Amino acid sequence: MSNSDRLVLALGGAGTVGSGIVKALLDKGFKVAVISRDNGRLDRLRTFISPNTKDNLFTIVGNVGSEDGAEQAKKELLESVGKVTDVVSSLGFSWWQGGPPHSQTLKDLHWVIDTLLYSTFVSWKAFFPLVRDDSSCTYTFITGGAEKLLMPGTGFLTVGAASALSFCQILREEYPELPCKLNQVKINAGVAAPDRMAPGYLDHLDLGVAVASLVEKPNSSHSVFTVSCPADLKTVLLDRKL
Ligand SMILES: NC(=O)c1ccc[n+]([C@@H]2O[C@H](COP(=O)([O-])OP(=O)(O)OC[C@H]3O[C@@H](n4cnc5c(N)ncnc54)[C@H](OP(=O)(O)O)[C@@H]3O)[C@@H](O)[C@H]2O)c1
């Protein structure tokens, strides 16, 4: 199937990580659908992508982090855009350093788990059936790497990231044989747009190109690609089927 016949659903596609992936997928000729709770974010995404790819970007306002919201967004997507062939999930948030546990509330912990784990689970449950039984389809998770996050005040981020990592591991183990290619890119570094780069950070555009290549022609399934520095993006790119 050519890229122009494929429709990638980018969950979290209006975010920092997701927007780099969306741009790269569009530049490779894919059609891309993005669901966001925030129309303003979708407007910003439309001005960020390459102008000649605009007709291939489909946007829906919705909340894929709730069961009803995900089902509603799925219905709208299937009716207005068509068959989904690939999913990339980069839900969550960029950073959390709210303080040591004794200074936090249960509400803070709920928010972290809700944003990193529940949204990933709920959207996976809604959208995975669309691609699960087709060997030309892919589902790719983008996660952080919990073990590298411990520094003062980041405890709950570590809990949230670890829960998303565990969820991905559970999927690999519960579903060892799948027609759909199920992969994970685990990022042990900050990710930012070029104007917000800091030492050790990955450019979201470079990450986007690597993830788009993985979606385009994955060689493997059930793989975890760990990216700790820009050079590691090659391992993601190398998984491309030649
Ligand atoms: N940025 C980094 O430095 C970095 C580094 C390593 C790993 N990561 C990982 O990459 C992922 C994305 O990070 P990011 O920097 O792109 O964050 P971001 O800019 O805050 O974007 C996150 C996206 O997730 C969506 N989302 C969050 N909670 C949701 C919920 N409850 N229901 C529905 N959608 C929800 C947001 O949707 P809306 O558009 O609806 O708000 C947003 O588009 C996270 O898993 C993070 O751990 C990021």
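This tour goes from the ligand shell to two helix pairs in a predicted model.

**Ligand shell**

Select the ligand and the 29 residues around it. Gly15, Ser36, Gly65, Gly92 and Ser94 come nearest. Next, colour helix 1 (16-27), helix 4 (106-131) and strand 5 (138-144), the elements that each give two or more residues to this shell. Helix 4 supplies the largest share, four residues. Colouring the shell by residue class gives 15 polar, 10 nonpolar and four charged residues.

**Helix 1 and helix 6**

Keep helix 1 and add helix 6, residues 204-216. Their axes lie 7 Å apart, and the angle between the two helices is about 55°, which means that helix 1 is oblique to helix 6. The crossing of this pair is right-handed. To see the contact, show side chains on both helices. On helix 1, select Thr16, Val17, Ser19, Gly20, Ile21, Lys23, Ala24 and Leu25. These meet His204, Leu205, Leu207, Gly208, Val209, Val211, Ala212 and Val215 of helix 6. By class, the contact has 10 nonpolar residues, five polar and one charged.

**Helix 3 and helix 4**

Go back to helix 4 and select helix 3, residues 67-80, with it. Here the packing angle is about 35° and the axes are 9 Å apart. Helix 3 and helix 4 also make a right-handed crossing. From helix 3, pick Glu67, Ala70, Glu71 and Lys74; their partners in helix 4 are Val122, Ser123, Ala126 and Phe127. This contact divides into four nonpolar, three charged and one polar residues.

Notes. Residues are numbered from 1 along each chain as its sequence is written. This is a predicted model: local features need pLDDT of at least 70, side-chain atom pairs count only at pLDDT 80 or more; totals for chains, interfaces and linings use all residues. A residue is near a molecule or strand if its C-beta atom, placed from the backbone, lies within 6 Å of it. Ala, Val, Leu, Ile, Met, Phe, Trp, Tyr, Cys and Pro count as nonpolar, Asp, Glu, Lys and Arg as charged, and the others, Gly among them, as polar. Axes are lines fitted to C-alpha atoms, for helices over the stretch in contact, and angles run from 0 to 180 degrees between N-to-C directions. Angles under 35 degrees count as roughly parallel, over 145 as roughly antiparallel, 65 to 115 as roughly perpendicular and the rest as oblique. A crossing is left-handed if the near helix is turned anticlockwise from the far one by less than a right angle, and right-handed if clockwise. Two residues are in contact if their C-beta atoms, placed from the backbone, lie within 7 Å.
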